[in-house]
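Please look through the sequence and the model below before reading on. The paragraphs that follow go from the interior to the overall form.

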Amino acid sequence: MPPFQEALKHLPEQNGEFFVHLGDFNDSDRTGCDLRSYKIYSDLLKTSPVPALVALGEKDWPDCPNPVSSLVYWNQYFG
């Protein structure tokens, strides 16, 4: 199981009501910020036992090869 997915399983043990992810889930050099990467991460966060507030990181939008498309994808899955 990937480390982030494993960490999500243990969130209730931390007694938090929510958590904040500071973005940069994309590796803009590797994934090219394609639609699939946003969907995968969105689906993963939906498995969290507590709500998540996700911040937009530079690797999720402005550093992407096509920043306009990347912002559209971000808003589609996290907006």
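**From the interior to the whole**

Of the 79 residues of this protein, 30% count as buried, where buried means under 20% relative accessible area with a 1.4 Å probe and only protein chains considered. The model is predicted, so local features need pLDDT of at least 70 and side-chain atom pairs count only at pLDDT 80 or more, whereas totals for chains, interfaces and linings use all residues. Residues are numbered from 1 along each chain as its sequence is written, and side-chain values use heavy atoms, with hydrogens and water left out.

The largest nonpolar core, a set of buried Ala, Val, Leu, Ile, Met, Phe, Trp, Tyr and Cys residues joined through side-chain atoms within 4.5 Å, has 14 residues, of which F19, F25, Y38, Y41, L45, W74 and F78 touch the most other members. Helix 3 (35-45) and helix 4 (67-78) each supply at least two residues of this core, and its largest share, 4 residues, comes from helix 3. If neighbours within four places in sequence are set aside, F25 is in contact (heavy atoms within 4.5 Å) with S37, Y38, Y41, D60, W74 and F78.

Stepping back, the protein has 4 helices and 2 strands, which are DSSP runs numbered from the N terminus, with H or I over at least four residues for helices and E over at least two for strands. Along the sequence they follow the pattern α-β-α-α-β-α. The C-alpha atoms fill a box of roughly 40 × 25 × 15 Å, taken along the principal axes.

Note on methods
Buried < 20%, exposed > 50% of the residue type's maximum accessible area, 1.4 Å probe, protein only.
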